[in-house]
Amino acid sequence: MVRAGRRLLSSLPALFGVLVFTFLLMRVLPGDPAVFFASGPNAGKEEIEQIRKQMGLNKSVPEQLVFYLSDIGHGNLGRSMMTGQPVLKDLRERLPASLELTFTALLIALIAAVPLGVVAALRPGSFVDHGVRLFCALGVCVPTFVSGLLLIYVFYYLLGLAPDPTGRIDVFTSLPPQRTGFLSIDFLLAGDIEGWWAACKQLILPAVSMALFVIAPLARITRASMLVSLGSDFVRTARSVGLSWHKVVVTYALRNAILPVITIAGIVFSTMLGANVLVEKVFSWPGVASYALDALLSSDYAPVQGFVLLMASLFVLVNLIVDVCYGIADPRVSIE
Amino acid sequence: MSEELLRIDDLHVSFSTRRGLVEAVRGVTLTVEAGEMLGLVGESGSGKSVTGFATTRLLDSAGRVTGGKILFRGQDITKLRGDDLRQLQGAAMSMIFQNPRAALNPIRAIGLQIADAILTHKRISKDAARAEALELLRAVQIRDPEKRMNAYPHELSGGMCQRVMIAIAISCNPALLIADEPTTGLDVTTQKVVMDLLADIAAARGMATILITHDLGLAARYCRRIAVMEQGRIVEEASPKTLFSTPQHAYTRRLVAASPTATSRIEDLVTAEERERHAAVISKPRQQLAHGTPPLLEVRKLAKRFDQGSAAVADFSMTIAGGESVGLVGESGSGKSTTSRMICRLIDPSEGDIVFDGQSIGHVAARDFHRSRFRKDIQIVFQDPNESLNPRFTAFDCIAHPLMRLDDMRAGSELRQRVEECAERVGLPLDLLPRFPHQLSGGQKARVGIARAIACRPRLLVLDEPTAALDVSVQAVVLQLLDRLRRENDIALLFVSHDLNVVRMLCDRTIVLRNGGIVEQGESRALFDNPKTDYTRKLVEAIPHIETGPALAAAL
């Protein structure tokens, strides 16, 4: 625990760097938020000046930075001009949606990728191995928005199995009391199975289209480390005493091979969380990434900066979790 | 007890590689009787391990038995499949491997690993299997077995790991145990303990054992019958006594000669014709140093502490005169590599001083030492010839690199000449110079490593186990080369090794290290013949000797 705390502390300078960098980047980008948020295209100079003053944009950049940092220090991420709400509130509302989607996608990806990798590694160079490779290549080379649209076309338009791809739940369903923010879990906690099923149906298509994209790296790393594991001395030992096939492959080879997969899964998770903006857009998913994109397009500084800070913190957190998982899975790594 | 347990009949094994089919075993025939221990010796690539793996059906997927039969209790096991095979493995025959730490599952507690093996062949409850595993740990003499049940391999020493491996192998009382280089990589004293244990267990349980090893001395000590393999064939099979006193096959003769013994000299290790080539140098007497000449190297009270741990080396003092060879021996963890690296100025000492040629160099930071004028004078040959050469450098580049860095030579005919001269001195054929390390054999790589070290004409050469990874016949040639270089150029040698026989031959003086401190030092012959401390005596006694014995010598 002490070490986990120390790890978090040691990541503070990096977070600070991210803060300053994003702040400066936003100032360098073209576009004047004051013009954007003025009442209309005919707004006079005075009005724009007024808004600038109100937003603090008339001050020098270093001064703005100091104000910004002190605000952050007080836990104030600023106010979004777009929604008119504090950024913190916006993010808090939208983050669970993104997390739920990403977690589900990662889970689907792992459930598909690990067996695929194992099967491929058991018979390298075989028909199965090439099939897995082809599948992975397809998953990577088809962009998520294309696979997302294809899934919608097939399962919603042609087959009618999926609900219409707009948001987390259709507007007529009454929402469960918010506990975790993950709709599927909240419905379960409220005992509303029908609602849970509705939420899951909404979730499944975007999650699958995200998962397709990351199955490839996960399956490839599983295959590679499984090959190493299967060729290792201790698997030979296991075979030499006649352990069953299942025991050799799962208990001896796979448990060792899964270690690098944990690391990659952490990286994949962080990437998915920020980079799934296309999926969120295609499925009108009210997540943080689409929120940040909208803010960026309208030169709304505060939400973008808040989003970057959130992503950086999550990245630190995910890495920490990966390390802890690694420590549990591998006794050679001490977690103290 | 002459019941035949295993009969290998004209066995052929091939491996499909990128360069086509390679035949690793070409017609091996041998028998093992119940309860006997058979030695299978040979150098790397002789096919001895492949024979073992073929017998236990553990060949890589690339390897295939292409001919012959392996009859175990009269049943041809090359044809067994699936469950029949699994019932054989572990229960009827099992195997111990070379690298014990790698042979155990790193993320599974050892108690569970033993229990896994037991549960495969016995229908008993998990608790009963656990109890049996505990019993086995006791049988292989692991201290605190209850505690060790939950230990992971990385928490155990190499010798302990090998005991656990033995426990797994004997868990279901197999009739045949194949031990593939079971003690290679372990310290001599550990080697003795593990081998004694293995022999006792085999005798107590009536297990037949095939001991696969490159060490003739080890095989001679524990086996009543030894089969010698070369290039996939068995060239000779005899009792150790006959093998050493009257070897029949030319290869056996070479192998016996190359195996260092308590009495052998470097000259004895290679055949007569090899010797004659450098006869002039060998017979050259060593220059006697005038009395009062300051030593080339003087080490005063050297100590090294790695972060927060206890001292790896403490209070280490020694001297080396020009042209002298000093051996530094000790078991793993004794601090001999740390010491040699400090003297080479690759790491910084925590305390003490190193004086080279009258100048203190101990306080020059290791990272700046490459700019010192003494860098040329102190060079090192590393343990592993495979790992210590840059895979992207050709042999020529490897040797030329120090010349360009330290002697400021530019690429050109002069450099080429120097490199070729070095290659010639170490006996490396010039047409091998454009090759990359992976295209060279172990012995050739060792020569490149030595050529690189002597390229700048050093005055002190530090050798960190330079022959540990080499076959005995190659080792013999390399040792002779080192001895010749020393005599030719008056290079002082600091020879770090765990192989006492080698040190005894090559070094004038020997220093015995233990736990970072000097236990004993003195003139090599005296020290080995008449050790003063218990520790040194234990070390010397643990060396497997080839017992030709006075009676045999007389009979010759």
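**A walk through the two chains**

A:Leu218 touches seven residues beyond its sequence neighbours up to four places away: A:Ala109, A:Leu110, A:Ala113, A:Val261, A:Ile264, A:Ala265 and A:Val268. The model is predicted, so these contacts are computed from predicted positions. A:Leu218 belongs to the largest nonpolar core, which has 212 residues. Together with B:Leu494, A:Leu218 has the most contacts inside that core. The element that gives the most to this core is α10(A), with 17 residues. A second core stands separate and has 14 residues. Among them are A:Leu77, A:Ala289, A:Tyr301 and A:Ala302.

Now take chain A as a whole. Chain A has 15 helices and zero strands. Its C-alpha trace spans about 85 × 50 × 40 Å along the principal axes. Chain A has 336 residues, and buried residues make up 36% of them. What about contacts between residues at least 6 apart in sequence? In chain A, 70% of these join residues at least 24 apart.

One helix of chain A serves as an example. Helix α8 of chain A covers residues 144-158, which is 15 residues. From first C-alpha to last, α8(A) reaches 20 Å. That is close to the 21 Å expected at 1.5 Å a residue. Which residues of α8(A) are buried? They are A:Thr144, A:Ser147, A:Gly148 and A:Leu151. These buried residues pack against two other helices of chain A, α10 (193-230) and α13 (277-282). So α10(A) turns up twice: it packs against the buried residues of α8(A), and it gives the most to the 212-residue core. After α8(A) comes A:Gly160, with a positive phi near 70 degrees.

Next, the contact between the chains. Chain B brings 24 residues to it, and chain A brings 18 residues. On the side of chain B that touches chain A, four elements each supply at least two residues: α2 (82-88), β6 (93-96), α3 (100-103) and α4 (110-121). Of the elements of chain B, α4(B) gives the most to this side, with four residues. By class, this side of chain B has 12 nonpolar, 10 polar and two charged residues.

Chain B also holds sheets. Start with an open sheet of four strands, in the order β2-β1-β4-β5 of chain B. The pairing is antiparallel. The edges are β2 (20-33) and β5 (75-76) of chain B. Each has a single partner strand, so one side of each is left without a neighbour in the sheet. Inside the sheet, β1(B) (residues 4-17) pairs with β4(B) (residues 63-72) over eight bridges, in the antiparallel sense. β1(B) also pairs with β2(B), again antiparallel, over 11 bridges. β1(B) and β2(B) form a hairpin, with two residues between them. Follow B:Arg7 across the strands. Its bridge partner in β4(B) is B:Leu71. In β2(B), B:Arg7 stands opposite B:Thr31.

Another open sheet of chain B has six strands, in the order β6-β7-β8-β3-β9-β10, and its pairing is mixed. At the edges are β6 and β10 (233-238) of chain B, each pairing on one side only. From one strand to the next, the twist averages 20 degrees. Within this sheet, β7(B) (residues 176-180) and β8(B) (residues 208-213) run parallel and are joined by five bridges. One bridge partner pair is B:Leu176 and B:Ala208, the latter in β8(B). Helix α7 of chain B (residues 158-170) packs on the sheet and touches β6 and β7 of chain B. The direction of α7(B) makes about 170 degrees with that of β6(B). β6(B) therefore has a place in two settings: it is an edge strand of this sheet, and it supplies at least two residues to the side of chain B that touches chain A.

Finish with helix α8 of chain B, residues 188-205. Its 18 residues should span 26 Å at 1.5 Å a residue, and its end C-alpha atoms are 26 Å apart, which agrees. Its buried residues are B:Val188, B:Thr190, B:Gln191, B:Lys192, B:Val194, B:Met195, B:Leu198 and B:Ala202. What covers them? The cover includes β3 (37-41), α7, β7, β8, α9 (216-222) and α21 (534-542) of chain B. Just after α8(B), B:Gly206 takes a positive phi of about 65 degrees.

Key: Residues are numbered from 1 along each chain as its sequence is written. Chains are lettered from A and ligands numbered from 1 in the order in which they are written. This is a predicted model: local features need pLDDT of at least 70, side-chain atom pairs count only at pLDDT 80 or more; totals for chains, interfaces and linings use all residues. Ala, Val, Leu, Ile, Met, Phe, Trp, Tyr, Cys and Pro count as nonpolar, Asp, Glu, Lys and Arg as charged, and the others, Gly among them, as polar. Two strands pair if DSSP finds at least two bridges between them. The expected span of a helix is 1.5 Å times one less than its number of residues. A residue is buried if 20 or more other C-beta atoms lie within 10 Å of its own, exposed if 12 or fewer, and partly exposed in between; C-beta atoms are placed from the backbone. A nonpolar core is a set of buried Ala, Val, Leu, Ile, Met, Phe, Trp, Tyr and Cys residues joined through C-beta atoms within 7 Å. Axes are lines fitted to C-alpha atoms, for helices over the stretch in contact, and angles run from 0 to 180 degrees between N-to-C directions.
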